[in-house]
Amino acid sequence: MVTDPTLLRIGEAVQLNHSGDREAARLRFAELWDEIGGEQGDPLHRCTLAHAMADAQDDVREELLWDRRALAAAGLITEERVAEAGVALPVAGLYPSLHLNLSECYRKLGDLDRAREHLRHAEDTIGVLGDDEYGRLIRSGLEKIAADLRKGE
């Protein structure tokens with residue numbers, strides 16, 4: 001169970017986005033980004049917030065910027081930090097979703113080589129996820145992007 005107060009606040013902003021209030025979510029994410037210290041903040045907070053902020057973007061280039069920030073921060077997160085925050089997912093469990101999102105951004109931008117590269121990274125790391133709701137969601141996303149990329153060939 002997540003116990004980190006900042007992660008909980010990021011989750012509240014995610015709910016704003018999921019309820020359709022994308023502008024309010026973006027504003028809240030921007031406030032939180034400043035509060036956590038932006039690029040200098042805790043990598044777990046940066047990764048989580050950037051990953052969520054990407055989903056709230058209307059412009060694919062902005063989405064890509066945030067997805068790239070999330071991936072960069074993920075490489076700095078330790079297992080100890082994840083456990084301290086109450087996150088059940090291991091650090092390795094972040095990568096399939098991060099690469100899935102990057103693959104989709106590059107596909108939308110027409111950079112199919114980079115899209116395929118990130119799809120391969122996602123497929124290479126998907127084994128760490130269980131056969132639960134989250135794992136099935138990410139696997140379904142990978143299948144969809146793989147099919148979309150085959151159509152684009």
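Is Cys47 buried or exposed, and what is its relative accessible area? Cys47 is buried, at a relative accessible area of 4%. The legends below refer to a predicted model.

**View 1. Surroundings of Cys47 in the predicted model.** Cys47 takes part in no disulfide. The nearest cysteine sulfur belongs to Cys105 and lies 14 Å away. With a relative accessible area of 4%, Cys47 counts as buried.

**View 2. Surroundings of Cys105, a buried residue.** The relative accessibility of Cys105 is 0%. Its closest cysteine sulfur is that of Cys47, and the 14 Å between the two sulfurs is too far for a bond. A disulfide requires the sulfur atoms to be within 2.5 Å. Searching the whole structure gives zero disulfides.

**View 3. Helices of the protein.** The protein contains eight helices and zero strands. Read from the N terminus, the order of elements is α-α-α-α-α-α-α-α. The C-alpha trace spans about 45 × 30 × 30 Å along its principal axes. The radius of gyration is 15 Å, which agrees with the value near 15 Å for a compact globule with 153 residues.

**View 4. Interior and contacts of the protein.** Of the 153 residues, 44% count as buried. Among contacts with a separation of 6 or more, 60% come from residues 24 or more positions apart.

**View 5. Surface and charges of the protein.** The accessible surface is about 8,200 Å², and carbon and sulfur atoms account for 52% of this area. The protein carries 19 positive and 30 negative charges, and the mean positions of these two sets are 5 Å apart.

How values were computed: Residues numbered from 1 in each chain as written. Predicted model: local features only at pLDDT ≥ 70, side-chain atom pairs only at ≥ 80, totals over all residues. Heavy atoms only, no water. Buried < 20%, exposed > 50% of the residue type's maximum accessible area, 1.4 Å probe, protein only. Helix = DSSP H or I, 4+ residues; strand = E, 2+ residues; numbered from the N terminus. Rg over C-alpha atoms; globule rule 2.2 N^0.38 Å. Contact = heavy atoms within 4.5 Å. Areas by Shrake-Rupley, 256 points an atom, 1.4 Å probe, with all protein chains shown as cover. Lys, Arg positive; Asp, Glu negative; His and termini not counted. Charge placed at Lys NZ, Arg CZ, Asp CG, Glu CD.
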